[in-house]
Structures are given as structure tokens and as C-alpha cells.
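Visitor: I'd rather skip the grand tour and get a close look at a single part of this model. Could you pick one corner and follow it outward, cut-offs included?

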Amino acid sequence: MKYDVAVIGAGPSGSFAAEKLSALGFKTLVIDPCDRKKVCAGILTAQYVRKYGINDSFVEKELKGVRISYHDVDAEITYRNAVEYSINRASYDSLNLNCAVGAGSELIKDMALSVKEKDSYVEIKTKKAAVLADYAIISAGVSDLSRSLGGVKLYAYCVQQKKDQKPDDYFEMDLLTGGYSWTVPKKDHVVVGTSSLTGYPDIPGEKGLIPVNGPVKNTFSRRTLLAGDAAGFVSPFEGEGIYYARRSGEIAAEVLSDVLSGKNKLNDYEKRWKKEFDFSTLNKLSTLLSNSMVLEAFVREIRDNERFNKLVEDILTKENKFQVKDIASLIKTLV
Ligand SMILES: Cc1cc2nc3c(=O)[nH]c(=O)nc-3n(C[C@H](O)[C@H](O)[C@H](O)COP(=O)(O)OP(=O)(O)OC[C@H]3O[C@@H](n4cnc5c(N)ncnc54)[C@H](O)[C@@H]3O)c2cc1C
């Protein structure tokens with residue numbers, strides 16, 4: 001049997017792509033072993049909440065803002081117009097996959113081993129079977145499969161653990177040059193984590209990889225589209241990825257719907273995500289902050305300068321279009 005679309009990986013990018021395609025009437029297959037825990041701090045950002053709202057079933061805590069520190073300089077941003085949530089990531093993922101299946105997607109619980117593009121179809125081999133589809137969405141996160149198909153190759157190594165500490169309502173970022181450590185409040189505990197560009201930090205905890213440096217060069221080929229982490233769609237500034245995963249999965253589904261109906265070509269995918277996602281500004285900002293003097297000035301200004309505090313709130317919540325040059329010129333006068 002041949003599917004219209006095979007979606008490989010059922011994180012937010014894959015599940016939302018599959019749900020949309022099935023709702024539009026396309027024969028959709030999802031392939032995921034469904035046997036691993038996704039290591040994630042579990043913050044649904046203001047950008048996400050503004051667009052998609054929230055479902056109480058996976059919420060752990062509403063967040064009032066963020067505390068940012070660098071060495072002994074501490075600052076706090078209380079969100080003026082935005083709200084973010086700390087969530088239970090496993091419940092979120094399982095609800096999204098159930099919605100895709102509820103909309104009509106078929107699920108094969110297996111690992112995809114290879115994806116081969118032929119002239120008129122795609123052949124996917126899993127551990128147990130071979131399946132054919134007209135098109136495939138590669139939404140397998142940072143994985144060997146994604147990498148073998150042109151997906152993300154640059155990532156940071158993260159280690160995270162649960163800590164028995166009373167949670168409050170603020171997300172905490174302890175900035176380091178080239179990354180940060182975090183504390184995220186959950187219902188009755190916190191999770192703490194840290195990242196490194198050179199290998200897993202030598203501390204106990206669950207391990208995960210997060211793309212850095214923004215999107216890969218080619219996010220589409222003859223019959224496949226890369227979505228979510230596989231495409232490198234993660235903000236290089238603070239590591240926000242869930243919003244971009246969900247939205248890129250939806251865009252991929254909309255584009256494939258048009259392609260399957262003969263109304264468009266696959267390259268429309270790149271045009272559409274480029275119109276929506278501003279990774280180049282976020283990349284410039286993250287490069288600017290890779291210097292220790294600049295980092296210290298950045299946190300000091302958040303603490304002491306209300307306009308700057310609001311500017312960084314805008315960056316974190318994507319509330320208003322922000323300009324890296326505003327931040328760059330301000331920092332220049334300080335260091
Ligand atoms: C430590 C850490 C903390 C993070 N915290 C946040 C946060 O607080 N907020 C935020 O917005 N983002 C956060 N992120 C980023 C976020 O988790 C990702 O951007 C997001 O999960 C990407 O979704 P995805 O659907 O592209 O991939 P994933 O969620 O990684 O899903 C990929 C799926 O593919 C499956 N898969 C892999 N290989 C195969 C294969 N060969 N065959 C079939 N299936 C396969 C996996 O089982 C998995 O289900 C964090 C990341 C890390 C590592």
C-alpha cells in the first residue's frame with residue numbers, strides 16, 4: 001500500500017504535520033518507535049501560547065518571567081504582556097500524537113532505518129517493514145536518520161536532572177559563554193540543566209541534544225521535507241524549539257497538500273518558513289553574546305535600564321519586532 005505522506009518522527013513537528021494532513025484527507029503514516037523519553041526543559045514560550053493557546057492537561061506551572069544572571073550580576077524580567085508555561089513534555093507529546101491518530105493518521109511503532117527518494121515515490125525501510133509514500137516529512141529530531149538526510153549536524157550537548165527544590169514562578173538562566181544553565185519550575189520540584197558545545201557536561205542526569213546555529217542549508221529535496229529540529233529550527237539565543245517544530249510541521253503539511261493537489265512545488269516550503277522565522281537576527285544576537293564582557297554588560301543593563309529590560313523581554317517573548325542593532329549599539333557604549 002502506498003501512502004500520500006510518511007511522517008518520520010512524532011515529536012511536535014511530526015505529530016502536528018500528520019494531524020493536519022489527515023484532517024485534509026491525505027493518507028498519512030507516522031513512524032516512531034515511541035519508546036524514548038524526550039529530554040526537554042518543557043517551556044511553552046509566549047510566542048507559542050499567543051498562537052496556539054494552552055491545554056490544562058499538560059500544564060505544570062504558569063511562569064511570570066525570567067531571571068538572568070552572569071557570574072555575580074543578577075537581573076529579573078517580569079513579563080508585562082506575555083505569559084509562558086512550564087509543561088509536562090511527555091503528556092504534551094502523547095496528546096499531540098493521539099490527536100494525529102484521532103484525525104486518521106496510521107501509526108507504525110518502529111524505527112525508520114533509511115529513506116530513499118525514487119522518481120515517483122519514497123521508500124522507507126524500518127526495522128520490520130518497507131513502506132512507500134509519495135512524499136516524506138523528516139521530523140526525526142537530532143538523530144542519525146535526520147543527519148543522513150541532510151539534517152542538522154551542529155548541536156549542543158545538554159544534561160538535565162530533577163531537583164527536589166521548591167518551585168517559584170520564574171525561569172532562571174545562568175549565562176555562560178556559548179550556552180547557559182537553566183532552572184525550570186514544575187508543579188512540586190524544579191529541573192536543572194546545562195549545555196556545552198564540546199561534549200556532555202560531566203554531571204549526572206538525562207542527556208539530550210539541541211541544534212545550534214539555525215537552519216540547515218537545504219530543508220527540502222525531491223520528495224522530502226525536513227521539519228523541526230531535523231531542519232535546525234531552534235532559536236540560537238535561548239533554545240526555543242517547540243514553537244518552530246510545530247509551526248514548521250504545519251507549513252510542511254500545507255505545502256505537501258498543495259503539491260499533492262498539483263497546485264504548487266516543494267520549494268514553496270523554504271519560501272514560507274523563511275518568511276515567518278527570523279533566525280538570522282537571533283543568530284546575530286547569539287554571536288554578539290558569545291563574549292564575556294558583552295554578556296556581563298547585557299545582564300547589568302537588563303538589571304539597571306528599563307528600556308533594555310523591555311527590549312530583552314521582546315526578544316524572549318517575540319512580542320515586538322526587535323533589532324539586534326538596538327542591543328548592539330547600546331552594549332557598545334558599555335564595554
Ligand atoms: C535539554 C533540552 C531542553 C529543551 N527545552 C526546551 C524548552 O523549554 N522549550 C522549547 O521550546 N524547546 C526546548 N528544547 C528544544 C525542543 O525540545 C525541540 O526543539 C523540539 O522537541 C523539536 O521537536 P521535533 O518534533 O522536531 O523533534 P523531537 O521532539 O526531537 O522528536 C523527534 C521524534 O523522532 C523520533 N525518531 C528519532 N529517530 C527516528 C527514526 N529513525 N525513526 C522514527 N522515529 C525517529 C523520536 O523518537 C522522537 O519522537 C529543548 C531541547 C533540549 C535538548
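Guide: What follows starts at one hairpin and works outward from there.

Some housekeeping comes before that. This is a predicted model, where local features need pLDDT of at least 70 and side-chain atom pairs count only at pLDDT 80 or more, while totals for chains, interfaces and linings use all residues. Residues are numbered from 1 along each chain as its sequence is written, and side-chain values use heavy atoms, with hydrogens and water left out.

The hairpin is made of β5 and β6, with 2 residues between them. Strands here are DSSP runs of E with at least two residues, helices are runs of H or I with at least four, and both are numbered from the N terminus. In the turn, His 71 has a positive phi of about 50°. The two arms, β5 (residues 65–70) and β6 (residues 73–78), run antiparallel and are joined by 6 bridges; for two strands to count as paired, DSSP has to find at least two. One of the matches sets Gly 65 against Thr 78 in β6.

Now look at the two faces of β6. Val 73, Ala 75 and Ile 77 make up the covered face, while Asp 74, Glu 76 and Thr 78 are on the uncovered one. That's the textbook rhythm: in a regular strand, side chains alternate between the two faces of the sheet.

Two helices lie across this hairpin. Helix α8 (residues 292–304) lies across β5, β6 and also β13 (170–176), at about 50° to β6. Helix α9 (residues 306–317) lies across β5 and β6, at about 65° to β6. For those angles, axes are lines fitted to C-alpha atoms (for helices, over the stretch in contact), and angles between N-to-C directions run from 0 to 180 degrees; contact itself means heavy atoms within 4.5 Å.

Back to the uncovered face, since you'll probably care about charges. Glu 76 meets Arg 67 in a salt bridge, at 3.0 Å from N to O; the rule is a side-chain nitrogen of Lys or Arg within 4 Å of a carboxyl oxygen of Asp or Glu. Glu 76 is partly exposed at 38% relative accessible area, and Arg 67 is partly exposed too, at 23%. (Buried is under 20%, exposed over 50%, partly exposed in between, with a 1.4 Å probe and protein chains only.) Through shared partners, salt bridges join Arg 67, Glu 76, Asp 168 and Glu 172 into one network. Elsewhere, Arg 303 and Asp 304 form a salt bridge at 2.8 Å, with Arg 303 partly exposed at 44%. The total by this rule is 22 salt bridges.

Zooming out, the hairpin belongs to an open sheet of 7 strands with mixed pairing, in the order β6-β5-β13-β14-β15-β12-β16. β6 is an edge strand, as is β16 (206–211), and each pairs on one side only. Ignoring direction, neighbouring strands of the sheet are turned by 20° against each other on average.

Further along that order, β12 (residues 155–163) and β15 (residues 190–196) pair in the antiparallel sense over 7 bridges, with Lys 162 matched to Val 191. Gln 160 in β12 is buried, at 6% relative accessible area. Its C-alpha is 3.9 Å from that of Gly 193, although the two are 33 residues apart in sequence. Beyond four places in sequence, the contacts of Gln 160 include Val 39, Cys 40, Trp 182 and Glu 206.

Last stop: the packing. The largest nonpolar core has 95 residues, and those with the most contacts inside it are Ile 68, Ile 124, Ile 137, Phe 171, Leu 175, Tyr 269 and Phe 298. Such a core is a set of buried Ala, Val, Leu, Ile, Met, Phe, Trp, Tyr and Cys residues joined through side-chain atoms within 4.5 Å. Helix α5 (residues 242–260) supplies the largest share, 9 residues. Domain 1 (1–42 + 88–153 + 213–277) and domain 2 (65–86 + 155–211 + 279–335) both contribute, so the core lies between them; those bounds come from an automatic or database domain assignment.
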